[in-house]
Amino acid sequence: MQAIQINDHGRIRLSHLKKISEITINSQLQYITCYTNYSNPYSSKLISVLHNNNRFRNLIFMNAKTPKNYINNEFGIANVHYVKNTINFKNCGNVKNELFVYNQPFFIESQCHNTCLNRKVCIDAEGNIKNCPAMTKSYGNIKDTTLEEAINMPGFKDLWYINKDKIDVCKDCEFRYMCTDCRAFIKDSDNIYSQPAKCTYNPYICKWQGESGYVPVEECGTYSRETGFVPDKKKIEKLNKEILGGRVGNRE
């Protein structure tokens, strides 16, 4: 296991952080990220808990009155953030150019694997084991099922291998190898290869929603569950000529 993320929507106790630190300090984990609600983290007690475990890379305090960021701070962890909002798994799946990942490991992984779900396992607040907390399907409960048993159940690993080259519209997008993919929020819930529901980019005209000339992807082709999204080359050519000011011939 390379990384672990802990989401505590209460106020995580120092005793819990201490226990996490003790368990992981000699492990193969590289990153620990923890989300919890605002408290008074800057204390000698927190320093004593976290100072000697450099696996704590991010500690995010939600619902803080004043947003602050402390990078490479004196507590021995890389980043401490105070944020005003509450982190909610229902807010994931956004596609924005500022969220793109520009590095070689991500690019290589994206060639054959899903860039969000590959090798990921989640335990939700009720103890259900899932690919992602935003998904409805579970593979047992941590009370009676081990993570190894859940991961080896039929279907659990299937999402790991859905890369962008298999997904409607994404497979035609120039940003597909730097964009984190979400299979929880998709346009057609009955088609696992459906385009991410929160994507606001149209690769057929190279426009983001809000930019001049933007039209939704749906105006650039047709969709059916049997064929997926099929781009209409004539429509796309016409739209691009209009956008670029190079329209030829009469409007149909």
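In the predicted model, helix α5 comprises twelve residues, 233-244, and spans 16 Å from its first C-alpha to its last, close to the 16 Å expected at 1.5 Å a residue. At the start of this helix, a side-chain oxygen of D232 comes to within 3.1 Å of the backbone nitrogen of K234, and just after the helix G245 adopts a positive phi of about 80 degrees. Both ends of α5 can thus be described by a local feature, D232 at the start and G245 just after the helix.

Helix α5 belongs to a chain with five helices and eleven strands. Of the 252 residues in the chain, 37% are buried. Among contacts with a separation of 6 or more, 53% are made by residues 24 or more positions apart. The exposed surface of the chain amounts to about 15300 Å², of which carbon and sulfur atoms supply 51%.

In soluble globular proteins, nonpolar side chains tend to be buried together. In the present model, the largest nonpolar core consists of 13 residues, and I20, I32 and C34 are those with the most contacts inside it. At least two residues of this core come from each of α1 (14-24), β2 (31-37), β3 (56-62) and β5 (79-82), with β3 giving the most, namely three residues. The surroundings of C34 can be listed in more detail: when its neighbours within four places in sequence are left aside, C34 is in contact with I6, I12, L17, N58, L59 and I60. Apart from the largest core lies another, made up of nine residues, including V169, F229, I236 and L239.

Strand β2 also contains T36, a residue that counts as buried because its relative accessibility is 1%. Not counting residues up to four places away in sequence, T36 touches D8, G10, R11 and I12, and also I60, F61 and M62. I12 and I60 are likewise among the residues in contact with C34.

M62, one of the residues touched by T36, is also in contact with H9, as are N37, T86 and I87, when neighbours of H9 within four places in sequence are left aside. H9 itself is placed in the loop between β1 (3-7) and α1, and its relative accessible area of 48% is why this residue is classed as partly exposed. Although H9 and A125 are 116 residues apart along the chain, their C-alpha atoms are separated by 9.5 Å.

A second buried polar residue is found further along the chain. N131 occupies the loop between β7 (129-130) and α4 (147-151), and with a relative accessibility of 3% N131 counts as buried. A polar atom of the N131 side chain lies 2.9 Å from the backbone oxygen of F156. F156 is also one of the residues that N131 touches, the others being L117, K120, C122, Y139, L159 and W160, if residues up to four places away in sequence are not counted.

C122, which N131 touches, is itself buried, with a relative accessible area of 12%. The cysteine sulfur closest to that of C122 belongs to C132 and lies 6.5 Å away, which is too far for a bond. A disulfide is a covalent bond between the sulfur atoms of two cysteines, and the structure holds zero disulfides.

Two residues that are not glycines have a positive phi, and their settings can be set side by side. V169, with a phi of about 70 degrees, lies in the loop between α4 and β8 (201-202) and is buried, given a relative accessibility of 4%; V169 is also among the nine residues of the core that lies apart from the largest one. C206, with a phi of about 55 degrees, lies in the loop between β8 and β9 (207-208). C206 is partly exposed, with a relative accessible area of 46%, whereas V169 counts as buried.

Technical notes: Residues are numbered from 1 along each chain as its sequence is written. Side-chain values use heavy atoms; hydrogens and water are left out. A nonpolar core is a set of buried Ala, Val, Leu, Ile, Met, Phe, Trp, Tyr and Cys residues joined through side-chain atoms within 4.5 Å. Buried means under 20% relative accessible area, exposed over 50%, partly exposed in between (1.4 Å probe, protein chains only). Helices (H or I, at least four residues) and strands (E, at least two) are DSSP runs, numbered from the N terminus. Contact means heavy atoms within 4.5 Å. A polar contact is a pair of N or O atoms within 3.5 Å; within protein, one must be able to donate a hydrogen and the other to accept it, and residues adjacent in sequence count only if both atoms are side-chain atoms. Accessible areas come from the Shrake-Rupley method with a 1.4 Å probe; for residues, only the protein chains shown count as cover. The expected span of a helix is 1.5 Å times one less than its number of residues. A disulfide is a pair of cysteine sulfur atoms within 2.5 Å.
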